[in-house]
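Got your viewer open and a selection box ready? Let's take a walk through this model, one stop at a time.

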Amino acid sequence: TLAQVINQALSAYWVVLQAQQDLKVQKLSLDKTQRALEAYQVQVKVGLMPRSAVLQQETLKLQGQLAYQTQANQVKGDYQNLRLALGLSPNAKLQVDSHLDVFNRVHLPSLSDSMRLALAHNIGYLEQSLSLRSLKRSVLLAKDAQRWQLDVLGKFDSHDWQAGVKLSIPLDDMSRQQQLVAAEVGYRQAISDLNQAHQVLIAQVKTMWWNCHSQLRQIALAKRAVQSQYRNYQLAQKAHFAGINSTYEVIEQQKSWVSAQLQLSAL
């Protein structure tokens, strides 16, 4: 239960973190659009740029404002979900640090250490291990019930002691034999189930371990893609002011840059 509560809180936290990061991206794009629009308006006044360029930029600004407002609403909803996961009041003040620098310090354990930790701490696997030990005790008790039992009996009254022995020999006791067979079958089945659980858990750990490494590599590549797209956007902007390309090409480069940032945030 504790693990489930922690996982729910972590999931809600990362959703908020991504939403805030996406909001930053939309705000940065909107600011770039506004500055470009102001520059275009100056160019139009001095006759160096057609009026159509300003109209396209104004359309992009409206789209950016809509995207920003939509994302701002998303952040508010995700914060409410986080408050619920933390058991806080809906009106509680809560601020999540939106920096993603933590990924620069991520060091995954080795594959062998990951498998060792999973076998030592995975709740489902531990439950099956404890169940197997309990079934083994049941087998031992059922076997012990098959043995002869010799009891010493004694009684003391006000005048003397009385003592004797009692020998119990189970002969064709089908009930006890059935209990032993059932216990042994259950124990063997539990061994088989535990071995299967062991294999499944190891396979899951390997898959998740490789996925984590793959995602870290994707993050590194996505960061490079963001930098590359931003350089393309800057070059397109400079080329536009020089009259080499159109406003449409600049807008497409800006959209590609924003898309690259959102892809990085989603990783």
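A search of the whole structure turns up 5 aromatic pairs. Here, rings of Phe, Tyr and Trp (its six-membered ring) pair if their centres lie within 6.5 Å; planes under 30 degrees apart count as stacked, over 60 as edge-to-face and the rest as tilted. Select W209 and W210 to begin: their ring centres are 4.8 Å apart and their planes stand at 85°, so this pair is edge-to-face. W209 has 15% relative accessibility, so it counts as buried (buried means under 20% relative accessible area, exposed over 50%, partly exposed in between, with a 1.4 Å probe and protein chains only).

Now pick Y233 and W257. This aromatic pair is stacked, with 5.6 Å from centre to centre and 5° between the planes. It links distant parts of the chain: Y233 sits in helix α5 (residues 174-241) and W257 in helix α6 (residues 247-266), 24 residues apart. (Helices, H or I with at least four residues, and strands, E with at least two, are DSSP runs numbered from the N terminus.) Both Y233 and W257 are buried. Add Y230 to the selection, and you have one aromatic cluster made of Y230, Y233 and W257.

A word on the ground rules before the next stop. This is a predicted model, where local features need pLDDT of at least 70 and side-chain atom pairs count only at pLDDT 80 or more, while totals for chains, interfaces and linings use all residues. Residues are numbered from 1 along each chain as its sequence is written, and side-chain values use heavy atoms, with hydrogens and water left out.

Stay with W257 and show what surrounds it. Not counting residues up to four places away in sequence, W257 touches L28, K32, V226, Q229, Y230 and Y233 (contact means heavy atoms within 4.5 Å). W257 also belongs to the largest nonpolar core, which has 14 residues; Y40, V250 and W257 touch the most other members. Such a core is a set of buried Ala, Val, Leu, Ile, Met, Phe, Trp, Tyr and Cys residues joined through side-chain atoms within 4.5 Å. Colour α1 (2-45), α2 (51-86), α5 and α6 to see where it comes from: each supplies at least two residues of this core.

Next, select Q57, which is found in helix α2. Is Q57 buried or exposed? At 1% relative accessibility, Q57 counts as buried. Leaving aside neighbours within four places in sequence, Q57 is in contact with T33, A36, L37, Y40, T247, I251 and Q254.

Time for the surface. Select W148, L150, V152, V165, L167 and I169: these form a nonpolar patch with about 690 Å² of accessible area together. Patches are made of residues with over 30% relative accessible area and no salt bridge: like charges are joined within 9 Å, nonpolar side chains (Val, Leu, Ile, Met, Phe, Trp, Tyr) within 5 Å. The areas come from the Shrake-Rupley method with a 1.4 Å probe, and for residues only the protein chains shown count as cover. β1 (149-156) and β2 (161-168) are the elements that give two or more residues to the patch. I169 has its place in the loop between β2 and α5, and with 35% relative accessibility it counts as partly exposed.

How many salt bridges are there to find? The count comes to 2, a salt bridge being a side-chain nitrogen of Lys or Arg within 4 Å of a carboxyl oxygen of Asp or Glu. For one, select D31 and K27, whose closest N and O atoms are 3.0 Å apart. D31 and K27 are 4 residues apart in helix α1, so about one helical turn separates them. D31 is partly exposed at 26% relative accessibility, and K27 is partly exposed at 35%. For the other, go to D113 and R116, where the closest N and O atoms are 3.7 Å apart. Both lie in helix α3 (residues 111-121), 3 residues apart, about one turn of the helix. D113 is partly exposed, at 31% relative accessibility.

The last stop is helix α4 (residues 123-144), where you can select S129. S129 counts as buried at 18% relative accessibility. Draw a distance from S129 to A197: they are 68 residues apart along the chain, and their C-alpha atoms are separated by 9.8 Å. S131 lies in α4 too, and it is partly exposed at 36%. From S131, go across to A190, 59 residues away along the chain, with 7.7 Å between the C-alpha atoms.
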